[in-house]
Amino acid sequence: MTIRLPDAQGGLRVYEPRTDPLALTPAAPFTSRTVFSAAHVVADPFADVGPDSPAAVDWDATLAFRRHLWSHGLGVAEAMDTAQRGMGLHWSGAAELIRRSAAEARAVGGRIACGVGTDQITGGSLAEIRAAYEEQLAVVEEAGAQAILMASRALAATAKSPEDYLEVYGHLLRQSAEPVILHWLGPMFDPGLEGYWGSADLDAATDVFLDVIAAHPDKVDGIKVSLLDARREIDLRRRLPHGVRCYTGDDFNYPELIAGDEQGFSHALLGIFDPLGPLAAEAVRVLDTGDTAGFRALLDPTVELSRHLFQTPTRYYKTGVVFLAWLAGHQTHFTMVGGLQSARSLPHFARAYELADALGLFPDPKLAEERMKTLLSLYGVNQ
């Protein structure tokens, strides 16, 4: 088994795939950490749609992937940016995704939290933004899922001061039925969120974020921080009120943040745990036993793959996530809503394949090799 892959110099090199996948079996949820995988959606490859059309979703394959994550003990973070919110998946499709996934979670006993945003509007007054948030919050709560209050492009464009954020979030937290997760998504994931919390100065923004939490600690289960800055996340989690969790969204530094230190640790809500699901679950179970070194030994080697998938422009990491799901056999095609499969280069795919294969992530290495060769052939690479 060998395969010719493009190299960084524009040539080809021979790679020998591994033949044995990791033996990772489904098991119960974890005891020491709460861990969510932000899950991707599977497009319907036969739908006659264009890049600006509402998303056509293959619901059977999409829900099957969520059952795969639940079977390994992971929670599912639904309708987040990993599911292409704001990058191909419109609110109407997200609402259906939330309802279907929440029903599936109830059927199998899986944990689920769902994204609440304002992507049904592109702008407006603070009152209109609050109303958009309220509409989505109602959908999530009626579906029986936990709410994740996501950052809003509309709010970022409309807010004139930190007080506007305090007012909007305070309004939403007062009316939420259950404690929510607050999501701070950095501009590397979405340029439209530059200056969130009222300042491009992250220290000032952090103070506003903490003020929101301090005013309603009983309504905040935790925060998800996606700034790709481990030191900042550690400093922030040490300032949280007692009982408010920190869910790392740092796809560059997650092993050390989840492992923690003598002053605490982060739980996890990560897009990289979509392709890493079974391996990540195994690592957390090792951590459940108190074996931090064993946890790091399993998870540290995955960081190179994660940093590759999340390289700039970071928001296109979804392409690599879906690509690996196809190679792993979780879906029959490499098509994405909005045509986003074109967002990364062939060398990028080749390196992602090589790194994932070396980790043993593909349940059927031969299938992954054949699919990689199929993709290469479309680019004119003969084996």
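Tutor: Let's start with burial: a residue is buried at under 20% relative accessible area, exposed at over 50% and partly exposed in between (1.4 Å probe, protein chains only). Gln84 sits at 1%, which makes it buried. Before going on: this is a predicted model, where local features need pLDDT of at least 70, side-chain atom pairs count only at pLDDT 80 or more, and totals for chains, interfaces and linings use all residues. Residues are numbered from 1 along each chain as its sequence is written, and side-chain values use heavy atoms, with hydrogens and water left out.

Student: Where is Gln84 in the fold?

Tutor: Helices (H or I, at least four residues) and strands (E, at least two) are DSSP runs, numbered from the N terminus. Gln84 belongs to the loop between β4 (75–78) and α2 (91–108).

Student: What is the phi of Gln84?

Tutor: About 70 degrees, a positive value, although Gln84 is not a glycine. Leu228 is another non-glycine residue with a positive phi, near 55 degrees. Look for Leu228 in the loop between β8 and α7 (230–237); at 17% relative accessibility, Leu228 counts as buried.

Student: While we're on the backbone, which residues does a cis peptide bond join?

Tutor: Thr312 and Pro313, with omega at about -10 degrees. Pro313 lies in the loop between α11 (303–309) and α12.

Student: Now contacts. Which residues does Thr118 touch?

Tutor: Contact means heavy atoms within 4.5 Å. Leaving out residues up to four places away in sequence, Thr118 touches Ile129, Ala132, Tyr133, Gln136, Ser152 and Ala154. The loop that holds Thr118 runs between β5 (112–116) and α3 (126–142).

Student: Is Thr118 buried or exposed?

Tutor: Buried, because its relative accessible area is 4%. Set Pro54 beside it: Pro54 counts as exposed, because its relative accessibility is 53%. Pro54 is in the loop between β3 (35–38) and α1, and beyond its neighbours within four places in sequence it is in contact with Val49 and His90.

Student: How far apart are the C-alpha atoms of Pro54 and Arg67?

Tutor: They are separated by 25 Å, with the two positions 13 residues apart along the chain. Ala138 and Ser176 give another pair to look at: 38 residues apart in sequence, and 8.9 Å apart C-alpha to C-alpha. Ala138 is in helix α3 and counts as partly exposed, at 30% relative accessibility.

Student: How do I read the aromatic pairs, and how many does the structure hold?

Tutor: A pair of aromatic rings is described by the distance of the centres and the angle of the planes. Rings of Phe, Tyr and Trp (its six-membered ring) pair if their centres lie within 6.5 Å; planes under 30 degrees apart are stacked, over 60 edge-to-face and the rest tilted. The structure holds 20 such pairs. Ring pairs join Tyr133, Tyr165, Tyr169, Trp184, Tyr196, Trp197 and Phe209 into a cluster; Tyr133 also turned up among the contacts of Thr118.

Student: Which ring does Arg33 lie over?

Tutor: For a charge over a ring, NZ of Lys or CZ of Arg must be within 6 Å of the ring centre and within 35 degrees of the ring normal. Arg33 lies over the face of Phe265, 3.5 Å from the ring centre.

Student: Next, the empty space. How much lies in the largest pocket?

Tutor: Rolling a probe the size of a water molecule over the atoms shows where empty space is left. On a 1 Å grid over the protein atoms alone, a cavity is a set of points where a 1.4 Å probe fits but cannot get out; a pocket is an open set with protein on both sides within 12 Å along at least five of seven lines, and lining residues have an atom within 4 Å of a point. Points are joined across faces, edges and corners, and a volume is the space filled by probe spheres set on them. The largest pocket holds about 480 Å³. Of its 27 lining residues, Arg85, Gly86, Asp119, Arg153 and Asp190 lie nearest the centre. The elements giving two or more residues to that lining are α4 (153–158) and β7 (180–185).

Student: And the second largest pocket: which residues lie nearest its centre?

Tutor: His68, Pro278, His330, Leu361 and Pro363, out of 18 lining residues. About 280 Å³ of space lies in the second largest pocket.

Student: How many cavities of 30 Å³ or more are there?

Tutor: One. The largest cavity has about 70 Å³ of space, and among its 15 lining residues Asp81, Thr82, Lys224, Gly271 and Tyr317 lie nearest the centre.
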